[in-house]
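Work through the exercises below with the sequence and the 3D structure at hand. Each task is followed by a solution in steps.

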Amino acid sequence: MSGSATSRKVDLLAWMRALEASLRGTDIALLQVQLPGLHLHLQRDTVGETVAKALQPQATATTAVQAPPARSAPSQPEPYPVRAGSVGVLRLGHPLHAQPLVHTGQAVALGQALALLQIGAVMLPILAPCAGRVGRVLVQDGQLVGYGSVLLEIKTDRPQEAPDAD
Amino acid sequence: MIEVLRTGALNTIQDLGRHGCLGWGVGTAGAMDDVALAAGNALLGNALDAAALEVQVFPLRLRFLADSDFALTGADAQAQLDGLPLLPWATHSARAGQTLVLGLPQVDALHRSRAYLCLPGGVDVPRVLNSRSTQMRGAFGGLDGRALHAGDKLRPAQAACGATPLALLPPELAMPLRCEGSPAVRVLPAAEYARYTPASHDALWQGEWRITPQSDRYGYRLTGQALQPLAPLEMRSHGIVPGVIQVPPDGQPIVQMRDAQPTGGYPKIGAVIEADLWRLGQIPIGSCIRFIETRWDEALDAHAQVQDWLADVARQLQLQQGRRGCA
Amino acid sequence: MTQVRHASMLDTAPVFSLLGTTAALFEAPGPGMDLPRQQLIWALAKRARTWPEVQEAVPGMNNLMLAFKRPPRDIAGLRERLQEAWTTTSPMTLEGRVVELPVVYGGEGGPHMADVMAHTGLGVDDVVALHSAPLYPVYALGSHPGYCYLGGMDSRIATPRRQAPVLRIPGGSVSIGGFQTGVSASPGPSGWNTIGSTQMCFFDPAQAVPALLQPGDSIRFRVKKVIR
């Protein structure tokens, strides 16, 4: 989940305690909050206690993905990051199939399924936001990823057509 | 609106069955894999019992005449939309003019034999006697009481809305059931169980039962060691339900399936529990199954487990569908 | 009301069994099959269909199937309730209608008349006379939509079911199977011996009550024609 920051200063520790308290009555096991300059990760440990696992500043904590800058020469396409829209377990292939959905160098169409984000029994297909070629795959199958994690890169020849992520 | 370009025989519109009409001689019909049908509906945000197309003969070729979302569950039939492969157990969006092809079911770890195509709001056919399932004998319900032909048009009950792309882990992964490498189903002994020889009991529980080609929505004819009664059995016609394992004179059992007639006159050695009928409905011809003896309490627990899985899945899907907002 | 019980019914107990978790089956004490027992089954069905776990109480031939709305955890309790109801219920005489069916015996619509004649040793006129004489009570519906299980056939024309069923007999086929007779309501397979045909709509799904006949009604076969 993402939250939006307010401009005024907040007592961060008090706020975290309040957040932790509100989680206690729920079955939420993992909560991520991303604020400008802050990435908060709250996870219920095996004892059932909520633990604030990490509190680190992040250089870029934006939720909007900027289109790569236009270039006068079309020779070097910018890799376009494909991000997870949620916390979940990353699946490079469908659990029923042996092959991953895509591999580095493969041409993909707009909307093509690149990977799956598993949350419980539900899987969210990660769809190609643009046509291009698969670049680096930055995660492993079965890896727990967070909201906004970069999963893989798409190399597009047409940077001006790269869309905004939601 | 979808046009059927090419279809095998015996693909029918089904929902979760026609209940309450046994007293008129009308069996329940309904999807052979009711869990896959309900899950496909959940993927689209439909009521779980909305009507869908059950595909048991492949390949199937359909053309979308209008933009539409759809969902595919059950067998992974290597579906392609205009030649692009589709993820199984997932929602998809088609544009007018695109062609959907269901090929042959994959022989994968879960090797299923029936696929379900769900549409937004369900397939729009009239309800007859409280259900949209096809009643083949008597020819009513579903699409004019018959199987699909080329040229038929299927209409979704709701206009397509940009469905959230979603996929599901098939239920077999959450609720596996195998016995010594073969798919298995749980069975409660039936009225004539005690009238069979001990060797027959052993054969029932220990034997591998192969599903012969003479198997369909009416019943699965199994082959294995012949089951023998201690003495010849004369039966009066009595009510039966899907799952009942009858033993005809030749000793080769027949498991009644969804289109079974509602009465029978053969002895019954057992009945597959309702909670496992979806598993049975997916086992392909030529495969072997095992029967696991169970008790009433365990059978009810299994029933609750399946209902809970569906409710849980529907809830998780609704959370995701709500996030993106369907206008 | 006086309870009518045959002595034979007191010899053996009714049998309660399960049909998976979908339904329970209650068999009246046997052996054999008769109208007084069926009247008790009808009465039992009428009581059982008010029970909260019962979706439908479906009479069979001297037996009763209870299809569940939800299978009850306390299945032993249901069994006790059924046994208790059986011993305290009175037979239900249903005042039904008599429906007359004109039958063309023999010919193309009665392809197995010769087999019945061969088995019974009777001529066609005797078979027709014995078949069309009784008033047949409808015991139960089942098998396929609108199909009636009838009692009361003369045992002299009883003929065993066929070795190999016929894949498709038309709706309206009048047949003999063992000691029973019946009329099919729609085309389908049959292992019985078809001796004639009738034109009648036994089932219309568009009607609020789709079946023409119900338990307690009776059928009389009227000889329209005999094709030799």
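Helices (H or I, at least four residues) and strands (E, at least two) are DSSP runs, numbered from the N terminus. This is a predicted model, in which local features need pLDDT of at least 70, side-chain atom pairs count only at pLDDT 80 or more, and totals for chains, interfaces and linings use all residues. Residues are numbered from 1 along each chain as its sequence is written, chains are lettered from A and ligands numbered from 1 in the order in which they are written, and side-chain values use heavy atoms, with hydrogens and water left out.

**Exercise 1. Describe the fold and the dimensions of chain B.**

Step 1. Take the secondary structure: chain B has five helices and 22 strands.

Step 2. Apply the globule rule, which is 2.2 Å times the number of residues to the power 0.38, with the radius of gyration taken over C-alpha atoms. For the 327 residues of chain B the rule gives 20 Å, and the radius of gyration is 20 Å, so chain B is as compact as a globular protein of that length.

Step 3. Read the extents: the C-alpha trace of chain B spans about 65 × 40 × 30 Å along its principal axes.

Step 4. Count burial, where buried means under 20% relative accessible area, exposed over 50%, and partly exposed in between (1.4 Å probe, protein chains only). In chain B, 62% of the 327 residues count as buried.

Step 5. Look at the contacts (heavy atoms within 4.5 Å). Among those of chain B with a separation of 6 or more, 76% join residues 24 or more positions apart.

**Exercise 2. Find what helix α3 of chain B packs against.**

Step 1. List the buried residues of α3, which covers residues 198-206 of chain B: B:Ser200, B:His201, B:Ala203, B:Leu204 and B:Trp205.

Step 2. Follow their packing partners, which are β14 (182-189), β15 (209-211), β21 (268-272) and β22 (288-293) of chain B.

**Exercise 3. Decide whether B:Cys288 is bonded or free, and buried or exposed.**

Step 1. Recall that a disulfide is a covalent bond between the sulfur atoms of two cysteines. The cut-off used here is a pair of cysteine sulfur atoms within 2.5 Å.

Step 2. Search every chain: the structure holds zero disulfides. B:Cys288 is therefore in no disulfide under the 2.5 Å cut-off, and the nearest cysteine sulfur, that of B:Cys179, is 12 Å away.

Step 3. Check accessibility: B:Cys288 counts as buried because its relative accessibility is 14%.

**Exercise 4. Summarise chain A, then place A:Leu144.**

Step 1. Chain A holds one helix and 11 strands. Along the sequence they follow the pattern α-β-β-β-β-β-β-β-β-β-β-β.

Step 2. Of the 166 residues of chain A, 36% count as buried. For contacts with a separation of 6 or more, residues 24 or more positions apart account for 54% in chain A.

Step 3. A:Leu144 belongs to strand β10 (residues 144-145) of chain A. A:Leu144 counts as partly exposed because its relative accessibility is 49%.

Step 4. From A:Leu144 to A:Ala109 the separation is 35 residues in sequence and 26 Å in space, C-alpha to C-alpha.

**Exercise 5. Give the same kind of account for chain C.**

Step 1. Chain C has five helices and 13 strands.

Step 2. A compact globule of 228 residues would have a radius of gyration near 17 Å, and the 19 Å of chain C agrees with this. The C-alpha trace of chain C spans about 60 × 40 × 35 Å along its principal axes.

Step 3. Buried residues make up 54% of chain C.

**Exercise 6. Locate backbone features in chains B and C.**

Step 1. Start from the usual case: most residues other than glycine have a negative phi, and most peptide bonds are trans.

Step 2. The peptide bond from B:Phe58 to B:Pro59 is cis, with omega near 0°. B:Pro59 sits in the loop between β3 (52-55) and β4 (60-64) of chain B.

Step 3. B:Leu129 is not a glycine, yet has a positive phi of about 50°. Its loop runs between β10 (115-118) and β11 (153-154) of chain B, and B:Leu129 counts as buried at 14% relative accessibility.

Step 4. C:Ser143, also not a glycine, has a positive phi of about 70°. C:Ser143 lies in the loop between β6 (136-141) and β7 (148-150) of chain C and is buried, with a relative accessible area of 13%.
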